Amino acid sequence: MIDLTIKQALEKLKSGEISATELTKAHLARIEKYNGELNAFITLTPERALSDAASADKRIKNGTANVLDGIPIAMKDLFATRGIRTTAASHMLENFVPEYESTISQKFIDAGTVLLGKSNLDEFAMGTFSKTSYFGAPVNPWHKNDKLTAGGSSGGTTSAVAAGMAMGGTGTDTGGSIRFPCSITGLVGMKPTYGLCSRWGCVAFASSLDTPGPIARTVEDTALLLSVMAGHDDKDSTSSPNAKFEFDGELKPILGDGKKLRVGVIKEFNSVQISEDMKKLFEQRIADLKSMGAEIVEVSIPNILDALAAYYVIAPAEASSNLARYDGVRYGLRVEGSDIYDTYKKTRAAGFGEEVQRRMLIGTAVLSSESYEVYFMQAARVRRMISDSFKTAFTQCDLIVCPSGANTALPLNSDLTPLEYYALDLFTVAMNLAGIPAVSVPCGLAQNGLPLGMQVVGPRFADMSVLQLAKHIETASAFDNRPTKIMGE
């Protein structure tokens with residue numbers, strides 16, 4: 001049962017070949033076997049999972065099954081879950097138990113999913129390897145004995161799904177935090193159009209960039225999860241009134257049978273150094289798209305190489321504002337001081353890790369009166385220029401493809417500087433700045449036996465088209481990411 005896709009499991013659940021309880025027990029056994037060494041989950045909810053599964057079995061039996069009834073999932077520990085602690089992988093919220101449910105987690109409850117637990121991440125989603133987690137970093141199931149990164153910040157979900165400890169899960173993507181970890185764990189991960197999925201009840205990092213999205217093993221499974229997550233939410237002021245994603249269970253071909261599609265490749269990325277494996281696989285997949293009838297065109301996003309600098313001004317600025325609420329007064333950690341100001345200082349010094357403190361300091365600095373115009377407003381202008389450049393590019397092509405990252409997973413103990421970590425987001429941050437949809441799909445294995453991914457990028461609300469082209473790439477690469485194969489069983 002571990003190797004089933006979500007779509008296959010739903011068919012077997014509907015036919016009665018398997019039960020939701022059996023499926024859940026198989027995944028709980030998998031968690032018991034592997035979570036100790038992979039550290040994918042911060043909080044496990046086995047009792048809740050079995051209760052969810054029993055309820056799903058009843059609905060399936062009486063013919064009132066919901067769209068994802070009985071499917072076991074991992075919920076990134078950034079989404080508030082009523083009665084279940086929500087930590088954001090931080091000491092600051094280590095014992096925080098919300099009295100409310102986030103919109104996204106509520107949607108999955110309504111869809112009938114089984115909650116296995118809250119998955120690990122970088123503290124407050126700030127990081128690239130999930131190493132900043134207060135609870136320790138998750139491990140990549142690929143070559144697990146080598147202790148490779150599962151990526152960040154959604155590394156816990158990618159570790160869980162790739163290892164077969166969950167059938168799918170949620171992530172958030174602020175600058176690549178779904179797509180990069182999916183690329184290096186051989187999964188499909190979607191950053192939807194900004195505003196398509198509600199952020200209400202999701203612990204904020206950078207409010208104009210944070211984008212909840214799905215993580216799964218196949219493109220169709222990802223589309224199924226997105227169909228549950230998407231939709232306008234009156235509780236979220238950034239939720240778009242156009243937020244709609246309808247999926248009937250099958251992605252229709254966007255290529256073939258005389259269908260014309262212009263697929264763009266970004267000229268500026270030609271100067272970016274990537275591994276020979278990534279270059280070779282990307283070229284192979286481009287050749288596959290050509291053979292399917294796509295017209296490959298070169299497009300220019302003139303300021304895309306400035307996206308990294310703009311992102312690391314805007315995101316810390318918004319973080320410094322969002323994280324001001326953690327003061328030890330209303331909720332979360334409290335370290336008593338001699339007076340209220342001393343309490344603030346001691347609480348925040350103890351509660352936030354080094355990377356979070358670094359970004360808050362950067363953000364506070366760029367928002368100061370001396371630096372606001374020089375740094376923040378300049379970054380905002382670059383953001384607008386990148387967004388406009390993508391709009392121009394999409395008059396010349398329908399969709400764009402590019403690598404998800406430069407190389408395969410690195411060891412968790414890699415001795416990188418903060419700037420070298422930040423540079424790993426080079427291929428992903430521009431899409432967040434522009435608010436456009438992008439999905440990472442596996443494109444093959446490198447010579448070292450580790451997976452690599454490539455992105456499909458589209459205009460705002462072209463999420464379905466992005467997934468349709470990703471399906472073609474998935475078919476061409478014929479990538480095998482069955483958990484039992486990954487774990488060598």
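A salt bridge is taken here as a side-chain nitrogen of Lys or Arg lying within 4 Å of a carboxyl oxygen of Asp or Glu, and by this rule the count comes to 22 salt bridges. The model is a predicted one, in which local features need pLDDT of at least 70 and side-chain atom pairs count only at pLDDT 80 or more, whereas totals for chains, interfaces and linings use all residues. Residues are numbered from 1 along each chain as its sequence is written, and side-chain values use heavy atoms, with hydrogens and water left out.

## Salt bridges

Three of these pairs are set out below with the separation of their N and O atoms and the relative accessibility of each partner, where buried means under 20% relative accessible area, exposed means over 50%, and partly exposed lies in between (1.4 Å probe, protein chains only).

| Pair | N to O distance | Acidic partner | Basic partner |
|---|---|---|---|
| Glu336 and Arg334 | 2.7 Å | Glu336, 52%, exposed | Arg334, 40%, partly exposed |
| Glu373 and Arg381 | 2.6 Å | Glu373, 44%, partly exposed | Arg381, 36%, partly exposed |
| Glu474 and Lys471 | 3.6 Å | Glu474, 17%, buried | Lys471, 25%, partly exposed |

Glu474 and Lys471 both belong to helix α15 (residues 463-477), where they are 3 residues apart, about one turn of the helix; helices here are DSSP runs of H or I with at least four residues, strands are runs of E with at least two, and both are numbered from the N terminus. Salt bridges that share partners also link Glu354, Glu355, Arg358 and Arg359 into one network.

## The sheet

Strands of a sheet pair through backbone hydrogen bonds, in either the parallel or the antiparallel sense. In this model 11 strands make up an open sheet with mixed pairing, in the order β1-β3-β2-β4-β6-β5-β10-β11-β9-β7-β8, two strands being counted as paired if DSSP finds at least two bridges between them. Because β1 (41-44) and β8 (294-299) stand at the edges with a single partner strand each, one side of each is left without a neighbour in the sheet. From one strand to the next the twist averages 30°, with axes fitted as lines to C-alpha atoms (for helices over the stretch in contact) and angles running from 0 to 180 degrees between N-to-C directions.

The edge strand β8 pairs with β7 (residues 261-266) in the parallel sense over 6 bridges, and within this part of the sheet Arg262 stands opposite Glu295 in β8. Helix α4 (residues 103-110) packs on the sheet, where it touches β2 (72-76), β4 (168-172) and β6 (212-216), and its direction makes about 170° with that of β2; contact means heavy atoms within 4.5 Å.

## Strand β4 and its neighbours

Strand β4 is mostly covered, since 5 of its 5 residues are buried. Both of its faces are covered, with Gly168, Thr170 and Thr172 buried on one side and Gly169 and Gly171 buried on the other. The pairing of β4 has a parallel part and an antiparallel part: β2 and β4 run parallel and are joined by 2 bridges, while β4 and β6 pair in the antiparallel sense over 5 bridges. Gly168 takes part on both sides of the strand, with Ile73 standing opposite Gly168 in β4 and Ala216 serving as the bridge partner of Gly168 in β6.
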